[in-house]
Amino acid sequence: MSTLHWAEGRLIAFTKGAPESVLALCAHTRIHEDTKPMTSDERANILNQSRLFAEQAYRVLAVAMRDVTHPPVHIEVETIETDLTFLGLVAMMDPPHREVPEAITKCRRAGVRVVMVTGDHPLTALAVARKIGLVPERATSSSSNFVPVIEGSQLDRMNDEQVRHLLTPRRPDEPDPVFARMAPRHKMRIVSALKEMREVVAVTGDGVNDAPALKKADIGIAMGIAGTDVAKETADMILLDDNFATIVSAIEEGRTVYANIQKFSSYILASNVPEIVPFLGYGFVGMPLALTIPQVLAIDLGTDMIPALGLGTERPQPGVMDLPPRSRSERLLSFPLLFRAYLFLGLIEAGLAMGGFFLYLYSRGWTWGDHLDWSSTLYKEATTVTLAGIVLAQVANVFACRSDRLSMAKLGWFSNRLILWGILTELTIVVFITYTPIGNQIFGTSPVPLWIYAPLVLGALMLLAAEETRKALANRLRRYYESQATQTVGG
C-alpha cells in the first residue's frame with residue numbers, strides 16, 4: 001500500500017508491504033539521512049533479517065519512500081511504486097492468548113480440526129502455529145509429523161481433487177497443513193473444499209477480505225474487538241473477547257447443553273412406562289387399576305419437574321471434550337436414548353411400582369380375582385403405594401440419568417444442588433399427598449404404613465445398581481472396540 005503526503009513543500013510517497021515485494025521495487029537505501037544505491041548484499045541481508053523476524057513469529061513489513069516530482073494529476077501506481085528508497089523493517093507481534101495451546105489440545109481430543117489460513121509470511125505462520133501447539137515444535141521433511149506450509153501461489157496450481165486430498169488427514173494424529181500468503185479467493189476455496197468433504201466448517205476472521213469465507217462457512221465467527229463492521233455483519237456470531245479459547249469453551253458448553261437435553265428427556269420418558277402399564281394391565285388383563293389420573297398428573301406436573309430442571313443445569317462432565325463429534329444425522333431422541341428410557345429404566349420402574357401395588361394388596365389378604373371397590377380404603381392405599389413406588393424410582397432415576405457413561409462415584413452424589421432440592425421437593429409432595437386430608441381428597445390417596453417403603457427403597461436401589469452395571473459393561477465394550485480400532489490403524 002502506498003500513500004501520498006505533503007511535507008515541507010514536497011510530495012512524498014510512502015510504501016509498505018511484504019519485504020520481498022517492497023524490496024523488488026527499491027533501488028536505494030537510506031541510513032542516517034544518507035541515501036545510496038542498494039547493493040545485492042544489502043538486499044540479501046534485509047531479506048535474511050526479515051526471515052529471522054518471521055521465524056520468531058513476528059509479522060514483518062518493509063517500509064520505503066520516494067519523492068514525487070511530477071504533477072499529482074498524472075499519478076499512477078506504476079510511476080509511484082518504482083525506484084523506491086528502502087527505510088527499514090517493522091516487526092510486529094500479536095501474541096496468542098495464553099489459553100490457546102490448551103484450547104488446541106482440547107480440540108484435538110474432541111475430534112475438532114483446526115486449520116490455520118492466514119495472509120502472513122509462511123515462516124511467521126509456521127512459528128505462530130508452533131507457539132500455539134498446532135504443529136510439532138520440531139519437525140523435518142522426513143519426519144512423520146512434518147507439516148507442509150502451503151502458499152497461495154501453490155494452491156493456485158492445484159486442482160480441486162488435490163486440494164481435498166491435501167485437507168484429508170491420513171492418520172488421526174496427523175496435523176493439517178498451514179496455509180500462508182492466502183488471498184480471499186484462497187480462503188473461499190479451502191472452505192468450499194472442506195464443506196464438499198462433509199465437514200462442518202467454522203471460520204474466524206476480522207477483516208473485510210474475510211467476509212466471503214465467513215459467509216460461505218457453516219458458522220462465521222467475527223472478532224468483536226478487532227473485527228471490521230463488514231466482518232461482523234457477515235458473520236453468524238461475534239466473539240466479544242477475540243480469544244480462540246472462548247470458541248472451544250462454547251463447543252464444550254454446546255455439547256453439555258445437548259447432553260443435558262437428552263438427560264432431561266431420558267428422565268421424563270422413563271416415568272411414562274410405569275404410568276401407562278397400570279392402564280394397559282387394566283384394559284388387557286383385567287387387573288385393578290393401580291394408578292389414577294390425578295396421581296399421574298401429580299407425577300408429571302409435580303414431583304418430576306424440579307429434578308428434571310436440575311438435570312438441565314448439569315455442568316460439563318469430565319471427558320465431554322474427549323468424545324468424537326456426533327454425526328449430522330444423529331437425532332436428539334435417538335434409538336439408544338429411547339431404548340434406555342423405555343425398555344430399560346422404564347420397565348424397571350414399572351416392575352417396582354406394580355410389585356409394590358400387588359405386594360401391598362396381598363399383604364392385606366386380597367387375592368387375584370377378588371373384587372376391589374375403587375372407593376375402598378384398601379384400593380386407595382394400594383394406589384398410594386404405586387405412586388410412592390414411581391416417585392422413589394424417579395429419585396434413583398435422576399441420579400442414573402446424570403450421565404449415560406460415567407458412574408455416580410465419578411460424578412459425586414452432591415455436586416448438583418438443584419437435583420438435591422428437587423428430590424427433597426418431590427418427597428415433600430408425596431408426604432403431602434399421602435398423609436394430609438386435603439392431599440387424600442384431591443388425589444384419591446390414603447395413608448400407608450411405613451413398612452411398605454422398605455421394599456420400595458430397595459427396588460429403587462436395584463434400579464440404580466442395574467444402571468451402574470450397564471454403564472460399566474458399556475464402557476468396557478467401548479474401550480475394547482477402541483483398542484481394536486487403534487490396533488487396526490497402527491497395523
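These legends accompany several close-up views of a predicted model.

**Figure 1. The whole protein, shown before we zoom in.**
Let's start with the overall picture, a predicted model in which the protein holds 20 helices and 11 strands. The C-alpha trace spans about 115 × 55 × 35 Å along its principal axes. The radius of gyration is 35 Å, whereas a compact globule of 491 residues would have a value near 23 Å. Of the 491 residues, 41% count as buried. The accessible surface comes to about 26,400 Å², and carbon and sulfur atoms account for 61% of that area. Take contacts between residues at least 6 apart in sequence: 69% of them join residues at least 24 apart.

**Figure 2. The second largest pocket and its lining.**
Here we look into the second largest pocket, which encloses about 280 Å³ of space. Its lining is made of 15 residues, and the closest to the pocket centre are Gly17, Ala18, Val60, Leu61 and Asp120. Which elements each supply at least two residues of this lining? They are strand S2 (10-17), helix H2 (40-55) and strand S5 (59-67). The largest share comes from S5, with three residues. In chemical character, the lining divides into seven nonpolar, four polar and four charged residues.

**Figure 3. Arginine 198, a loop residue with positive phi.**
This view centres on arginine 198, which sits in the loop between helix H8 (184-196) and strand S9 (202-205). Its phi is near 70 degrees, a positive value in a residue other than glycine. Is arginine 198 buried or exposed? Its relative accessibility is 60%, so arginine 198 counts as exposed, the cut-off being over 50%.

**Figure 4. Aspartate 242, a second loop residue with positive phi.**
Aspartate 242 is found in the loop between strand S11 (237-239) and helix H11 (244-270). Although aspartate 242 is not a glycine, its phi is positive, at about 55 degrees. Its relative accessible area is 18%, and because buried means under 20%, aspartate 242 falls in that class. Viewed together, the two loop residues make a handy pair: arginine 198 is exposed, while aspartate 242 is buried.

**Figure 5. Isoleucine 429 in helix H18.**
Next comes isoleucine 429, part of helix H18 (residues 417-435). With a relative accessible area of 24%, isoleucine 429 lies between the 20% and 50% cut-offs and is therefore partly exposed. What does isoleucine 429 touch, not counting residues up to four places away in sequence? The residues touched are Gly302 and Thr303. For a sense of scale, the C-alpha atoms of isoleucine 429 and histidine 32 are separated by 87 Å, and these residues are 397 residues apart along the chain.

**Figure 6. Lysine 471 and its contacts.**
The last view shows lysine 471, located in helix H20 (residues 453-490). Lysine 471 has 2% relative accessibility, so this residue counts as buried under the 20% cut-off. Which residues surround it in the contact list? Leaving aside neighbours within four places in sequence, lysine 471 is in contact with Phe399, Ala400, Ser403, Asp404, Arg405, Leu406 and Ser407. If you want a longer reference distance, try isoleucine 104: its C-alpha atom and that of lysine 471 are separated by 30 Å, with their positions 367 residues apart along the chain given as the spacing.

Definitions and conventions
Residues numbered from 1 in each chain as written. Predicted model: local features only at pLDDT ≥ 70, side-chain atom pairs only at ≥ 80, totals over all residues. Heavy atoms only, no water. 1 Å grid on protein atoms, 1.4 Å probe; cavity = no way out; pocket = protein on both sides within 12 Å on 5 of 7 lines; lining within 4 Å. Points joined across faces, edges and corners; volume = space filled by probe spheres on them. Helix = DSSP H or I, 4+ residues; strand = E, 2+ residues; numbered from the N terminus. Nonpolar A, V, L, I, M, F, W, Y, C, P; charged D, E, K, R; others polar. Rg over C-alpha atoms; globule rule 2.2 N^0.38 Å. Buried < 20%, exposed > 50% of the residue type's maximum accessible area, 1.4 Å probe, protein only. Contact = heavy atoms within 4.5 Å. Areas by Shrake-Rupley, 256 points an atom, 1.4 Å probe, with all protein chains shown as cover.
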